[in-house]
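Got your viewer open and a selection tool ready? Let's take a walk through this one, a stop at a time.

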Amino acid sequence: MGQRLNIEIKINGKVRANAYYHWSGYTQTAKNITLSILKGAYKFLDGDPTLRAIRLLEISGAGLTDSERCEALKMYPETNFSPCEGRNNGLIAITPDAIKETRRWEEGRITLDFDNNIIKFNVYFIHPAKNYDNDEIIHAELLRSPFYMTFDYFISEFAKQNFEYFCFKYKNLIIEPIY
């Protein structure tokens, strides 16, 4: 069983494509993949939203599956796409059914909303920082809840955190990485 991640690209109010990564649903790995996409995003500021989403996910090493490549070639017949190297490097989905299917496999999701420059980051555990009865840190019954941040905050602050070694506090919560 992998620690399964989905990264979704939202443009013009719609998820245009997502990529499923079988072994990348760990906080540090997911952060690094997201950072690579955002750092390369300036190359794909314009154009067709679905093609743009595919190109953004290809930055991470993901590729269209055979069936999704056929669909993409119907939409963009003269376009070359990166080869799909398998689920470990990322499987890109663009059709509604394929996007729905990869969501069924995920254990964590990151949505990159290019309309609002917001990241919905849901690849960690979040829980109350203290048990108010005895003032101890709680590490049981972890809750999954998305953490929203701007692209700028992600690049300038969040991406600097090394989640392999520690938790960090956000308001009255502990953000605990998935190792």
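Start with helix 4 and pick out its buried residues: Ala98, Ile99 and Thr102. Look down the axis and you'll see that they span an arc of only 100 degrees, so they sit on the same side of helix 4. Keep in mind that you're looking at a predicted model.

Now spin round to the face of helix 4 that is turned away from the buried side. Select Pro96, Asp97, Lys100 and Arg104 there, and you have exposed residues.

Back to the buried side: what lies over it? Show strand 1, strand 2, helix 3 (66-75) and strand 4 (91-93), which are among the elements covering the buried residues of helix 4.

Stay on helix 4 (residues 96-105) and go to tryptophan 105, then add tyrosine 20 from strand 2 (residues 14-21). How many aromatic pairs does the structure hold? The count is one, and you've just selected it: the ring centres of tyrosine 20 and tryptophan 105 are 4.9 Å apart and the planes meet at 70 degrees, which makes the pair edge-to-face because that angle is over 60. The two partners are 85 residues apart, so this pair ties together distant parts of the chain. Colour by accessibility and the partners part ways: tyrosine 20 is buried at 3% relative accessibility, whereas tryptophan 105 comes out at 29% and is partly exposed.

Next stop, strand 5 (residues 108-113). Is it enclosed or open? Five of its six residues are buried, so strand 5 is largely enclosed by the rest of the structure.

Check its neighbours. Strand 1 (residues 5-11) runs parallel to strand 5, joined by six bridges. To see the register, select asparagine 6 and look across to arginine 109 in strand 5, which stands opposite.

Then bring in strand 6 (residues 118-122), which pairs with strand 5 in the antiparallel sense over five bridges. Pick leucine 112 and you'll find isoleucine 119 of strand 6 as its bridge partner. Strands 5 and 6 make a hairpin, with four residues between them. Click on asparagine 117 in that turn and check the backbone: phi is positive, about 55 degrees.

Last, the cysteines. Select cysteine 70, partly exposed at 47% relative accessibility, and cysteine 84, partly exposed at 29%. How many disulfides does a search of the whole structure find? Zero.

Notes. Residues are numbered from 1 along each chain as its sequence is written. This is a predicted model: local features need pLDDT of at least 70, side-chain atom pairs count only at pLDDT 80 or more; totals for chains, interfaces and linings use all residues. Side-chain values use heavy atoms; hydrogens and water are left out. A disulfide is a pair of cysteine sulfur atoms within 2.5 Å. Buried means under 20% relative accessible area, exposed over 50%, partly exposed in between (1.4 Å probe, protein chains only). Rings of Phe, Tyr and Trp (its six-membered ring) pair if their centres lie within 6.5 Å; planes under 30 degrees apart count as stacked, over 60 as edge-to-face and the rest as tilted. Helices (H or I, at least four residues) and strands (E, at least two) are DSSP runs, numbered from the N terminus. Two strands pair if DSSP finds at least two bridges between them. The arc is that of the directions from the helix axis to the C-beta atoms. Contact means heavy atoms within 4.5 Å.
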